Amino acid sequence: MNKEVSAEMLLGHLYPELELLWTVRHRGTFYRNYTADVMNLDEEELTIDIARDGLLKLLPPAILTGDFELTKTNADGVRQKKDVKTRYEEMKRRLHILEEAFLPIDTFNFRNNLATERHIEEILELKVNYVLKEYFNFDIEQVKDPLVAKAALLLPLVANRRGDIRFVKRMIENIAGRKVRIRKSAYSDTDNSQYWMQKIDFDIVVDNLTEETYREEEKRIAPLTEFISTYLVPIDIFCSFNIVGKNTDVKLLNYNTNVL
């Protein structure tokens with residue numbers, strides 16, 4: 001899981017129906033140095049531990065513990081009657097009781113953040129839909145293919161990314177979930193080598209490729225490759241998308257083909 005993903009965003013996507021049911025415990029920002037925001041999540045108990053400071057930990061330390069609570073002598077210089085271990089356990093117990101007392105407030109704030117995150121996402125989604133429709137004449141709400149719906153969100157980047165072959169490669173890998181190899185060559189529909197176009201082959205690698213899996217993959221990626229050809233490949237580049245088996249550079253089993 002990406003460490004930069006906030007707990008609100010994660011829960012909003014994975015468990016939107018549980019927005020008002022989570023109980024949250026703030027373990028402290030110290031843990032944020034080496035863990036994700038979500039430290040622990042219990043789906044059955046509906047509890048979540050996050051690497052943030054709760055309201056209690058935002059209070060001045062002097063309010064929670066005394067300056068001489070764990071020292072050998074008290075403020076008057078008199079030796080403490082209880083040993084350090086006993087006083088430390090008492091302090092831990094007292095802080096635990098205070099944390100439990102502040103738990104409802106921290107939980108309320110977290111649930112409020114969940115609702116705020118949901119509203120922000122709804123506003124941003126409306127904004128993206130408006131931009132795509134008004135500026136790119138692309139109505140994403142009418143798109144039925146899930147891969148194209150993901151790719152369409154990158155349309156605002158088209159001006160800077162059209163013709164960026166490496167970007168297209170990473171895009172296919174992330175959206176389609178397949179490894180992609182790039183092959184560059186020259187294309188000409190005549191035997192005259194003086195006139196040719198740059199040709200880019202995107203080899204989409206499928207493990208254990210069979211005739212059945214080939215047909216399934218061809219059907220699955222066809223809308224995506226058509227979208228990429230339309231918006232991200234310049235007109236002066238001849239581009240093809242090939243479904244190939246793993247570690248195979250040639251046509252496999254006579255049914256590898258190009259999706260133009």
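## A salt bridge between distant parts of the chain

In this predicted model, Arg 178 counts as partly exposed, with a relative accessibility of 26%. Arg 178 forms a salt bridge with Glu 217, and the closest N and O atoms of the two side chains are 3.1 Å apart. The pair links distant parts of the chain, since Glu 217 belongs to helix 7 while Arg 178 sits in the loop between helix 6 (165-176) and strand 4 (179-187), and the two are 39 residues apart. Glu 217 counts as buried, because its relative accessibility is 3%, which is under the cut-off of 20%.

## Salt bridges within helices

A search of the whole structure finds 14 salt bridges, and two further examples each lie within one helix. In helix 7, Arg 215 and Glu 211 are four residues apart, about one turn of the helix, and their salt bridge brings the closest N and O atoms to 2.5 Å from each other. Arg 215 is exposed, with a relative accessible area of 52%, whereas Glu 211, at 38%, counts as partly exposed. Salt bridges can also share partners, and in this way Arg 183, Lys 199, Asp 201 and Asp 203 are joined into one network.

In helix 3, the side chains of Glu 122 and Arg 118 meet in a salt bridge with an N to O distance of 3.7 Å. Glu 122 and Arg 118 are likewise four residues apart, about one turn of the helix. Glu 122 is partly exposed, with a relative accessible area of 37%, and Arg 118 counts as partly exposed too, at 32%.

## The chain as a whole

The chain has seven helices and seven strands, and, when it is read along the sequence, these follow the pattern α-β-β-β-α-α-α-α-α-β-β-α-β-β. Of its 260 residues, 33% count as buried. The accessible surface of the chain comes to about 17,200 Å², and 53% of this surface belongs to carbon and sulfur atoms. Among the contacts with a separation of 6 or more, 61% are made by residues that stand 24 or more positions apart.

One pair of residues can be looked at for its spacing in the sequence and in space. Tyr 88, which is found in helix 3, is 19 residues from Glu 69 along the chain, and the C-alpha atoms of the two are separated by 8.2 Å. Tyr 88 counts as partly exposed, with a relative accessibility of 37%.

## Helix 1 and its buried face

Helix 1 covers residues 7-14, and within it Ala 7, Glu 8, Leu 10 and Leu 11 are buried. Seen down the axis of helix 1, these buried residues fall within an arc of 165°, so they line one face of the helix. What covers them includes strand 2, strand 3 and helix 3 (84-136).

## A nonpolar patch on the surface

Phe 30, Tyr 31, Tyr 34 and Met 39 form a nonpolar patch on the surface, and together they have about 400 Å² of accessible area. Met 39 lies in strand 2, which spans residues 38-42, and Met 39 is partly exposed, with a relative accessible area of 31%.

## Two residues with positive phi

Most residues other than glycine have a negative phi, and this gives a reason to look at two residues in loops. Leu 46 has a phi near 60°, a positive value in a residue other than glycine, and it lies in the loop between strand 2 and strand 3 (47-50). Asn 208 has a positive phi of about 50° although it is not a glycine, and its place is in the loop between strand 5 (197-206) and helix 7 (211-231). Leu 46 is buried, with a relative accessible area of 19%, whereas Asn 208 counts as exposed, at 69%.

## How far the prediction can be read

The chain averages a pLDDT of 84, and 89% of the residues score at least 70. Confidence is highest in strand 3, at a mean of 94, and lowest in strand 7 (residues 258-259), at a mean of 48. Over residues 249-260 the pLDDT stays under 50, and for this stretch the model has 32 contacts beyond four places in sequence. Where pLDDT is low, the predicted coordinates should not be read in detail.

Definitions and conventions: Residues numbered from 1 in each chain as written. Predicted model: local features only at pLDDT ≥ 70, side-chain atom pairs only at ≥ 80, totals over all residues. Heavy atoms only, no water. Patch = residues over 30% accessible without salt bridge, like charges linked within 9 Å, V, L, I, M, F, W, Y side chains within 5 Å. Areas by Shrake-Rupley, 256 points an atom, 1.4 Å probe, with all protein chains shown as cover. Salt bridge = Lys/Arg side-chain N within 4 Å of Asp/Glu carboxyl O. Buried < 20%, exposed > 50% of the residue type's maximum accessible area, 1.4 Å probe, protein only. Contact = heavy atoms within 4.5 Å. Arc of directions from axis to C-beta. pLDDT = per-residue confidence, 0-100.
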